[in-house]
Amino acid sequence: DDEVHVRQKVAVVDPVEVADFDRELRALMQESLDSRKLEMRNRPTINMMLPMNLFEGPTKEHHGRGIEGESGDETTDEGTGEAKEVRVKVLVKRGNKQQTKQMYIPHDCSLVQGTKQKEAAELEE
Amino acid sequence: EETGDDEVFDYGKGDFAEHACKYCGITNPACVARCNVPSCRKWFCNSRGNTSGSHIVNHLVRAKHKEVCLHKDSPLGETILECYNCGCRNVFLLGFISAKTESVVVLLCREPCLGSNALKDMNWDLSQWCPLIDDRCFLQWLLKVPSEQEQLRARQISAQQINKIEELWKANPDASLEDLEKPGVDEEPQPVVLKYEDAYQYQNVFAPLIKLEADYDKMMKESQSKDNITVRWDIGLNKKRIAYFVFPKEDNELRLVPGDELRLRYPGDASHPSWQSVGHVIKLTSQEEVALELRVSQGVSVDVNHGFSVDFVWKSTSFDRMQGAMKTFALDETSVSGYIYHHLLGHEVDMQIVRNTLPRRFGAPGLPELNASQVFAVKSVLQKPISLIQGPPGTGKTVTSAAIVYHMAKQGQGQVLVCAPSNVAVDQLAEKISATGLKVVRICAKSREAVSSPVEHLTLHYQVRHLDTSEKSELHKLQQLKDEQGELSSSDEKKYKALKRATEREISQSADVICCTCVGAGDPRLANFRFRQVLIDESTQATEPECLIPLVLGVKQVVLVGDHCQLGPVIMCKKAARAGLAQSLFERLVLLGVKPIRLQVQYRMHPALSEFPSNSFYEGTLQNGVTINERQSPGIDFPWPVPNRPMFFYVQMGQEEISSSGTSYLNRTEAANVEKIVTTFLKSGVVPSQIGVITPYEGQRAYIVNYMSRNGALRQQLYKEIEVASVDSFQGREKDYIILSCVRSNEHQGIGFLNDPRRLNVALTRARYGIVILGNPKEHECLVEGPLNNLKQSMVQFQKPKKIYN
Ligand SMILES: [Zn+2]
Ligand SMILES: [Zn+2]
Ligand SMILES: [Zn+2]
C-alpha cells in the first residue's frame, strides 16, 4: 500500500564513462575467448543427452502469467505492455547429477522460437 | 554494578542482508548475484542505476572477475553459472541454448562447446545462442532488474564512485563506500544540503557531524572534574544514598541536567579508605545544589563531608542512537514509508492524501475548545503523510498536538508515538494526551527513573511497580527484596529482570500512545515496536538525526510541531554547527517548500507585547486571544511609562566587563538596575514566582543572583525565589513579568546576543503581563531614561531583525 511516485531527474550517463566501460568489457570478452582457444586445444567430449526423466509429466504447457491466455497466444497485453512468458526447464548439473529447474522467459525471446515452431506444427496436425 | 541494557545494545544493527548489492544496497534475492571469486564474494544487483552497465556487470568488468553464483532464494536457487557441458564458469563466454523440440534450456560456453560439431547432430538448436550478458546487463529473465521503486530507494551510486571503490577494494576488500567520503582530520566536514540523492549520502553527511559533536561533548564533559567538593549526605525514599553538593558552573554552556551521570570520589585519609561511586543527578535545587543518587552506597563514610572530587561520566548513548537511526534509514526499507523516505531526502514526490475518515469534531475530550487555526491544523494534518505545524509563542501547540494524537489513536492504525527533544515537553504532552482519556505510557531513560516527574503515574517504571495483579506478585516480592537488601542473588536477579521486562512489554503494548524523548525512542525496550503515526513536538529544537530516531520505527504519517522562528538545537561543536547541524529537519522541509500550518491566536502576551514579535517574525499574522483587560493586574502599581503598554527599554550606560572567570561578560550597573526593578515589582505586589530575569551570560547571571541576595532592599528570601536564567532555558516557558538584561552592546554588534532574531523573538515573548529590557542600544530612539519613579518616553522600537526565513 506504499505506492509512491517520485518525479525523477533523468539519469545522465557520461558518454566518456560509457566508452571506457565498453572498451574494458570488450577487452574482457576477447581475452576470455582467446584464453579458451589456447587452453582447449582438444575439443571436449560432448555429454549433452537430454535425460529421459525430462519427458515425464507435463512438459510443454505454456503459461501466460497474469492473463488467462490460449497456449501459443503471442499478443502482448497492451495495458501493461508486458509480454507473456513461457515456462521452460533449465537443465543444470550438480556434480554429476542432472537437475531441472523451472523458469519463465519472455515469449519473444529467440530461445523459444524453436519450441514455438514445433508447437505450431503440432497444432496443424 | 547494574548496567543498563543500553551498553550491550547495538544501535541500528538489524538483520541487514548480507546479500545487499555492494554498490546500491538492493537486497531482492531475485535481483542479486554473488561474485564467485573466492577473495571477493561480494553481491551485486542487475540494475543499471546511473551507469551504462548493470551493477553486477560493472563489478565483473572493473574487477576483472568472471564467475557468478545466484541467490538461494532466486528461481534457480543457489546456482553457480557454468557451461552444462564442460563446466566453464566464465560468464562472458556463457549463453543459453534450447532443445529443438522441448522447452528445455541449458547454459553453454561459446568456446569451445558451442562450436562442437558433435552437438549439431543432437537435439539442440544451436542457431539461437543467447548470451548471458547482453547490452551490459545480465539476461533480465535470469537475474531480474529491480523495480523502479526499489531502484529509487537504493543508494544512487555514480560511475566515478564505482571506479573509486573498485580501486579501494583491490587494496582492502572490506572497504565500504563510506570510506570514500571520510574527511581528513583537519578538513572541514561536508556541509548539510537541501536535497540528498539517497539515505546513504544523508548518512555520509550527518554521521561525521554527529561524530564531531559527540567528540566535543565528551571532551568537554570529561574535562569537568572538580576537586575540594563539600558533600551533605541524605537517604532517599528508595533507601539509596544521596549526596548533595554544589558543582561550580562555568560559562561554557555545560548544564547539568537530571539523569546525567557523575562519579563521586574520596581519595582516602588516615581513618577512611579511598572510595568512589557513580550516581545519577536526580535534581538540581534552587540553591544550585546537585542531588546525586549513588548506585552503590557500600563503603561510603557519611561522617566525611569534605575533600571529595566529582567527574562527569560521559555516555555515548544518544549519539549512538542517532547513528543507528541513520543506518536503519538507509538499510532497512521498511524503516519509513516510501513517500516519507523520498520526501525527507528532498525528492519530488507526487502529493499523497491519507485516506482516513475525518472526525466530525476536531477537538478532543478533556481539552479546551480549539480555535479556527487549531481546527484547521488538526484537520489538515490528519489527511497528510507529512505535515509541519508552526506554533508561535503561546498559541496552544500542546493542546493542538494532543488533539491530533487523540484522533490518530482513534483511527485504529496501531499505537501512536509522541516525542520531543526535551523531557519537559514530553511530560507536558503526555499529561494533555492523557487528559483526553487515551491510555498513555511515558517511557523515561533508566537514568531518569529517580527524577521526579509531574506525570509519574504515566511512566513505565511507575506502572511496572504499581500494576497490582496477582501474576505480578512474584515481581513485587523480588522488587521489595531488592529495595530492602540493595541487591538480589544472581538467580533472583535474573528472574527479576525477566519478569520486569515481560511486565514492561505488556504495559507498553496495551497503551494507545507511547511518549518519550526523541533519543528515548531508540530505547532497546522499544526495539520491536512499530509506529505508523509519529508526532514530534519542539521538533525545531532537535537536530535532524535526533528527529530521525522516532521516525525509523515504520512511520507512514509524521507531524512535526515547532517554530523555526524560535531557537534551534544547541550545537556545542562550532565545526559541526558551521556545517549546518543546527538546522532542524523542520527548517529544511520549510526550505524545500513544505508550508507549515501556522497557529495564529496567542493566549500568552498582553496585546501590546505581541505586536512587535507578530510584525517582526510572523508577518503580522498573530492574533490576540487575550484582551488588554485580561492582562491588567489589578492592584499592581508599576510605573509603566505608557499606561496599557506594559513594556519599556531602560537605557543603561554602564560598562560591560569581562567576568572573573575570564570567559564571560558582566555589567554591574545593569545588575544593580535589575535589582531596582525587581524590588519595584515586589513592592507593587508582584510575587517572586511571577518574575523571571533573562540574561545571556553565566557571568552576569551569577552576579545578579549574588547581587540581589546581598543588596536587595527587601527580604533576602524573596530574591532567592526569583528565577534568573538564559534565554535558552526560558524557551517554551512563560512568566508574568520578564526583565531582560542585555549586558553587552557595542557599536558594531548592536545589542550583542539579541542580534540573532530567533533569540530576540524568544526573549521578547516570555512575558504575559509586562517586560523591561535593560541595555545600551546606541542606534535606537524612543527609549526611556531616568529614575524609575520618573521615566520619560517609552516604546520599544528595535530595528527590524534581519529576516532569515521566507
Ligand atoms: Zn568480484
Ligand atoms: Zn546494485
Ligand atoms: Zn563449455
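Tutor: Donors here are N, O and S atoms within 2.8 Å of the metal (3.2 Å for Na, K and Ca), and water is not among the atoms, so sites may look incomplete. This is a predicted model in which local features need pLDDT of at least 70 and side-chain atom pairs count only at pLDDT 80 or more, while totals for chains, interfaces and linings use all residues. Residues are numbered from 1 along each chain as written, chains are lettered from A and ligands numbered from 1 in the order written, and side-chain values use heavy atoms, without hydrogens and water.

Student: What spacing do the donors of the zinc ion (ligand 3) follow along the chain?

Tutor: Happy to help! The protein donors are the SG atoms of B:C83, B:C86, B:C109 and B:C113, 2.2 to 2.3 Å from the zinc ion (ligand 3). Along the chain, their spacing is C-x2-C-x22-C-x3-C.

Student: How many residues apart are B:C83 and B:C109?

Tutor: B:C83 sits in the loop between β3 (68-70) and β4 (94-99) of chain B, and B:C109 in strand β5 (residues 104-109). Strands (E, at least two residues) and helices (H or I, at least four) are DSSP runs, numbered from the N terminus. The pair links distant parts of the chain, 26 residues apart.

Student: Which geometry does the site of the zinc ion (ligand 1) have?

Tutor: Its protein donors are B:C35 (SG), B:C40 (SG), B:H59 (NE2) and B:H65 (ND1). Four donors count as tetrahedral if all angles lie between 85 and 135 degrees. The angles among the four donor atoms of the zinc ion (ligand 1) are 102 to 117°, and the site is tetrahedral.

Notes:
Four donors count as tetrahedral if all angles lie between 85 and 135 degrees; four count as square planar and six as octahedral if opposite donors are over 155 degrees apart and all others between 65 and 115; anything else is irregular.
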